[in-house]
Amino acid sequence: MTARRGFSFFDFCCSAALCAVVVFIAADGPVAVVSRHLAPVEEFVAEKLDRQLTIGSVSGTIWPDLALHLGGIALSGKHGEGEPLLVLPSLVVRIDAKEAVRSLGQHIVIEEIVVDGGVLRAERDEFGDVDVLQILKLLPPIPPEVADNGILRRLRVQHGRIEFHDAVAREDGGVSVTVSDVGAVLSDDAGAGRPADLHVSG
């Protein structure tokens, strides 16, 4: 006769934590979660980058993945004019549910970010400055404690397009180059704090 294992206090805590995560997503909603953090990001983009950030839609799933689904993301051109620098029609953020439950929501690890489609429009102006590189210089550094914890394990880009316009290559209007069906995978499977692997196709 096999003894039946009792429902331990640990089982109760895990179940309660999982229920808390489910209730949090169902009650508070992914839109409210993103909205609380979106305002300072929009303010930074407007003040430091002189651009506008818009997100068209936000939704969430609990099964089969604990994930946020964002659509219609656009980063405008400088001064909010011209074609957008970046357009992402679909971005999915998959969260490590086990780690979220284990830490009672205190430590969120992003299992994977998937970007499907999208356009990146980069430009080198008449002064030789590339706008994308200038933006990267203005971004705040990642705190060491965050980087060491490895909050992002994998970034996957598929079916993307890169457009590059070089205004200084020629005096008669510059040179434009377009690369379609770009794919890239940036993974940190080796563990936090170690060099990540990057694979690019296109």
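## Strands, core and pocket

Reader: Which residue in β7 is the bridge partner of glutamate 123?
Author: This is a predicted model, and in it six bridges join β6 to β7, two strands that run parallel. Glutamate 123 takes part in that kind of link, and its bridge partner in β7 is histidine 165.

Reader: Do β5 and β7 pair in the parallel or antiparallel sense, and over how many bridges?
Author: Start with one link you can find in the structure: aspartate 116 has glutamine 158 in β7 as its bridge partner. Looking at the whole pairing, β5 and β7 go together in the parallel sense, and the number of bridges is four.

Reader: What about β7 and β8: which residue in β8 stands opposite leucine 155?
Author: This time the pairing is antiparallel, with 10 bridges between β7 and β8. Find leucine 155 and look across to β8, and the residue opposite is leucine 186.

Reader: Okay, zooming out, how many helices and strands does the protein have?
Author: Walk along the chain from the N terminus and the elements go α-β-β-β-β-α-β-β-α-α-β-β-β. Sort them by kind, and the protein comes to four helices and nine strands.

Reader: Which element gives the largest share of the largest nonpolar core?
Author: That core has 15 residues, and Leu70, Ile73, Leu91 and Val93 have the most contacts inside it. At least two core residues each come from α1 (9-48), β3 (66-75), β4 (86-95) and β5 (110-116). In soluble globular proteins, nonpolar side chains tend to be buried together. With four residues, the largest share here comes from β3.

Reader: Leaving aside neighbours within four places in sequence, which residues is isoleucine 73 in contact with?
Author: Isoleucine 73 is among the residues with the most contacts inside the core, so it's a good one to click on. Once those sequence neighbours are set aside, its contacts are Leu53, Thr54, Ile55, Leu86, Val87, Leu88 and Leu91.

Reader: Is glutamate 42 buried, partly exposed or exposed?
Author: Glutamate 42 sits in helix α1, and its C-alpha is 5.9 Å from that of leucine 53, 11 residues away in sequence. Its relative accessibility is 33%. Buried would need under 20% and exposed over 50%, so glutamate 42 counts as partly exposed.

Reader: What is phi of aspartate 50 near?
Author: Aspartate 50 lies in the loop between α1 and β1 (53-54), and it is partly exposed, with 28% relative accessible area. Most residues other than glycine have a negative phi. Aspartate 50 has a positive one, near 55°.

Reader: And where does aspartate 181 lie?
Author: Aspartate 181 also isn't a glycine, yet its phi is positive, at about 55°. As for its place, aspartate 181 lies in strand β8.

Reader: Which element supplies the largest share of the lining of the second largest pocket?
Author: The second largest pocket has a volume of about 580 Å³. Of its 26 lining residues, Arg51, Lys78, Leu85, Glu123 and Asp131 are the closest to the centre. At least two lining residues each come from β6 (119-124), α3 (131-138), β7 (154-166) and β8 (175-187). The largest share is four residues, and the element behind it is α3.

Reader: How many residues of that lining are charged?
Author: The lining of the second largest pocket splits into three kinds of residue. Eight are nonpolar and six are polar, while the number of charged ones is 12.

Note on methods: Residues numbered from 1 in each chain as written. Predicted model: local features only at pLDDT ≥ 70, side-chain atom pairs only at ≥ 80, totals over all residues. Heavy atoms only, no water. Core = buried A, V, L, I, M, F, W, Y, C linked by side-chain atoms within 4.5 Å. Buried < 20%, exposed > 50% of the residue type's maximum accessible area, 1.4 Å probe, protein only. Contact = heavy atoms within 4.5 Å. 1 Å grid on protein atoms, 1.4 Å probe; cavity = no way out; pocket = protein on both sides within 12 Å on 5 of 7 lines; lining within 4 Å. Points joined across faces, edges and corners; volume = space filled by probe spheres on them. Nonpolar A, V, L, I, M, F, W, Y, C, P; charged D, E, K, R; others polar. Pairing = 2+ DSSP bridges.
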